[in-house]
Amino acid sequence: MSNLAGVVRLLKQEQDRLTKELRGIGAALAAFGKTYGKVPATRRLSASPRERIAAAQRARWAKVREKAEAQNKIAPIRGTRTLSAAARKKIAAAQKARWARG
C-alpha cells in the first residue's frame, strides 16, 4: 500500500507542475496572442484608383495593338501570281524547242 501511496503522491506532484506550466503558457498567449494572432488585412483600392489603373492598362494594350498593326502594314502578304496567256505560249514554245533538240 505504501508503494501505491508513493505513486499517487508523484502523480499529484506531476499534475501540479503541469498546471503551473499551462498557466505560464496561457499568460504568454494572452500577452503575445494579440500581436501574433492577427492576420494582416489585405489592402483594397477604392473605385477611382482601380479605374485609373484599368485605363492605363487599356492604353498600354492599345499601343501594343497599334504596333502590331503597323508591322502588318509594312509587309503585306501577296496573293498568288498568274501568268498571262502570251507568257504561257512563249514558255510552251521554248519548252517544245528544247524537247525537239533533245
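**Salt bridges and surface, by question**

Visitor: Which helix holds both Glu-21 and Arg-17?

Guide: Glu-21 and Arg-17 sit four residues apart, about one turn of the helix. Keep in mind that this is a predicted model: local features need pLDDT (the predictor's confidence in each residue, from 0 to 100) of at least 70, side-chain atom pairs count only at pLDDT 80 or more, and totals for chains, interfaces and linings use all residues. Residues are numbered from 1 along each chain as its sequence is written, and side-chain values use heavy atoms, leaving out hydrogens and water. Helices are DSSP runs of H or I with at least four residues, strands are runs of E with at least two, and the numbering goes from the N terminus; the one holding both residues is helix α1.

Visitor: How far apart are the closest N and O atoms of Glu-21 and Arg-17?

Guide: The pair forms a salt bridge, that is, a side-chain nitrogen of Lys or Arg within 4 Å of a carboxyl oxygen of Asp or Glu. For Glu-21 and Arg-17, the closest N and O atoms are separated by 3.1 Å.

Visitor: Is Glu-21 buried or exposed, or in between?

Guide: The cut-offs are under 20% relative accessible area for buried, over 50% for exposed and partly exposed in between, with a 1.4 Å probe and protein chains only. Glu-21 has 42%, so it's partly exposed.

Visitor: Which residues do salt bridges with shared partners join into one network?

Guide: Arg-17 also bridges to Glu-14, with the closest N and O atoms 2.6 Å apart. Those two are three residues apart in helix α1, so about one helical turn separates them. Glu-14 is partly exposed at 37%, and Arg-17 is too, at 41%. The network is made of Glu-14, Arg-17 and Glu-21.

Visitor: And which residue forms a salt bridge with Arg-58?

Guide: The closest N and O atoms here are 2.9 Å apart. The partner of Arg-58 is partly exposed, at 44% relative accessibility. That partner is Glu-51.

Visitor: Which residues form a nonpolar patch on the surface?

Guide: Patch members have over 30% relative accessible area and no salt bridge; like charges are joined within 9 Å, nonpolar side chains (Val, Leu, Ile, Met, Phe, Trp, Tyr) within 5 Å. Together this patch has about 330 Å² of accessible area, by the Shrake-Rupley method with a 1.4 Å probe, where for residues only the protein chains shown count as cover. One member, in helix α1 (residues 2-36), counts as exposed at 59% relative accessibility. The patch is Leu-22, Ile-25 and Leu-29.

Visitor: What share of the residues counts as buried?

Guide: The elements run α-α-α from the N terminus on, with three helices and zero strands. Of the protein's 102 residues, the buried share is 2%.

Visitor: In which helix is confidence highest?

Guide: The protein averages a pLDDT of 87, and 89% of the residues score at least 70. Confidence is lowest in α1, at a mean of 87, and reaches 96 in the highest one, residues 85-101, helix α3.
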